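Here is a short set of exercises on helix packing, backbone angles and burial, each with a worked solution. Keep the viewer open and try each task before reading on.

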Amino acid sequence: MNEKFKNLPNSITVMRMVGTVSLLFTKPMSLCFYIVYTITGLTDVLDGFFARKLKVTTDFGSKLDSIADLLFYSVMLILLIPVLWEKLHKSIWVAVVLILGLRLTAYLLSAIKYKKFASSHSILNKITGLCVFAIPFVLLTPFPSIICWIIAVIGFFSSFDEMMMYIKN
């Protein structure tokens, strides 16, 4: 492996963090928003791809990726809740609170059990991440509530699965 590329995955993750923060200065659902949003999504895929391809996966890189994910989701909540509140049926918010509660419980269990922050990069979590990432694009469809309910169900099973993983292992 070429030494000059060993920091490439972490650099891509940092780019995602910068892109995420820059979204705070864009108008939600604008062309600029969608461009920066899509680029940040691509960097989420690319950092892991290059880390594995270059064989430079590290505990630090994994934690940095999880922090970047949490930052991204936090910014998306700030930007998208007003839009989602307007466009989606209010009953979906009960599901969202339940899913967030499960996810936070899983994180708490992992912190207690392993004495550190842990977040599973399971296939189900990756599918959930892709679905959650798609939500701004889903809002452009004629049936955003139905699609968001499907995403909520996937998110529930993903959060429950992660919580059970920490309980069993």
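**Exercise 1. Decide how Met 29 should be classed by accessibility, then look at its backbone.**

Solution. Start with the relative accessibility of Met 29, which is 23%. Buried would need a value under 20%, and exposed a value over 50%. Met 29 therefore counts as partly exposed. Keep in mind that this is a predicted model.

Next, place the residue: Met 29 sits in the loop between helix 1 (8–23) and helix 2. Finally, check the backbone. Most residues other than glycine have a negative phi. Met 29 is not a glycine, yet its phi is positive, at about 75 degrees.

**Exercise 2. Find where Lys 55 is located and work out its exposure class.**

Solution. Lys 55 belongs to the loop between helix 2 and helix 3. Its phi is positive as well, at about 55 degrees, although Lys 55 is not a glycine. For the exposure class, take the relative accessibility of 73%. The cut-off for exposed is over 50%, so Lys 55 counts as exposed.

**Exercise 3. Is Asp 47 buried or exposed, and which residues surround it?**

Solution. First locate Asp 47, which is part of helix 2. With a relative accessibility of 4%, Asp 47 counts as buried. Now list its contacts, setting aside neighbours within four places in sequence: Pro 9, Ile 12, Thr 13, Arg 16 and Asp 65. To finish, take one of these partners, Ile 12. Asp 47 and Ile 12 are 35 residues apart in sequence, while their C-alpha atoms are 5.5 Å apart in space.

**Exercise 4. Identify the residues that touch the most other members of the largest nonpolar core, and say which helix gives the largest share.**

Solution. The general background is that in soluble globular proteins, nonpolar side chains tend to be buried together. Here the largest nonpolar core has 22 residues, and those touching the most other members are Leu 23, Phe 33, Tyr 37, Met 76 and Leu 84. Then ask where the core comes from: at least two residues each are supplied by helix 2 (31–53), helix 3 (59–87), helix 4 (92–114), helix 5 (123–138) and helix 6 (144–168). Helix 3 gives the largest share, seven residues.

Now zoom in on Tyr 37. Apart from neighbours within four places in sequence, Tyr 37 contacts Leu 23, Phe 72, Met 76, Val 132, Phe 133, Ala 134, Pro 136 and Phe 137.

**Exercise 5. Describe how helix 5 packs against helix 6, helix 2 and helix 3.**

Solution. Two packed helices are described by the angle between their axes and the distance between the axes. Take the pairs one by one.

*Helix 5 with helix 6.* The angle is about 155 degrees and the axes are 9 Å apart. Angles over 145 degrees count as roughly antiparallel, so this label fits helix 5 and helix 6. Their crossing is left-handed. Among the helix 5 residues in this contact are Leu 124, Ile 127 and Cys 131, and among those of helix 6 are Ile 147, Ile 151 and Phe 157. Sorted by class, the contact has 12 nonpolar, four polar and two charged residues.

*Helix 2 with helix 5.* The axes are 11 Å apart, at an angle of about 165 degrees. Helix 2 is therefore roughly antiparallel to helix 5. The crossing is left-handed. Helix 2 brings Phe 33, Tyr 34, Tyr 37, Thr 38 and Gly 41, and helix 5 brings Val 132, Phe 133, Ala 134, Pro 136 and Phe 137. These residues comprise eight nonpolar, two polar and no charged.

*Helix 3 with helix 5.* The axes come within 10 Å and cross at roughly 45 degrees. That angle makes helix 3 oblique to helix 5. The crossing is left-handed. Phe 72, Tyr 73, Leu 80 and Leu 84 of helix 3 meet Gly 129, Val 132, Phe 133, Ile 135 and Pro 136 of helix 5. The tally by class is eight nonpolar, one polar and no charged.

**Exercise 6. Assign an accessibility class to Ala 134 and find how far it lies from Tyr 114.**

Solution. Ala 134 is in helix 5. Its relative accessibility is 25%, so Ala 134 counts as partly exposed. From Ala 134 to Tyr 114 there are 20 residues in sequence and 32 Å in space, C-alpha to C-alpha.

Conventions
Residues are numbered from 1 along each chain as its sequence is written. This is a predicted model: local features need pLDDT of at least 70, side-chain atom pairs count only at pLDDT 80 or more; totals for chains, interfaces and linings use all residues. Side-chain values use heavy atoms; hydrogens and water are left out. A nonpolar core is a set of buried Ala, Val, Leu, Ile, Met, Phe, Trp, Tyr and Cys residues joined through side-chain atoms within 4.5 Å. Buried means under 20% relative accessible area, exposed over 50%, partly exposed in between (1.4 Å probe, protein chains only). Helices (H or I, at least four residues) and strands (E, at least two) are DSSP runs, numbered from the N terminus. Contact means heavy atoms within 4.5 Å. Axes are lines fitted to C-alpha atoms, for helices over the stretch in contact, and angles run from 0 to 180 degrees between N-to-C directions. Angles under 35 degrees count as roughly parallel, over 145 as roughly antiparallel, 65 to 115 as roughly perpendicular and the rest as oblique. A crossing is left-handed if the near helix is turned anticlockwise from the far one by less than a right angle, and right-handed if clockwise. Ala, Val, Leu, Ile, Met, Phe, Trp, Tyr, Cys and Pro count as nonpolar, Asp, Glu, Lys and Arg as charged, and the others, Gly among them, as polar.
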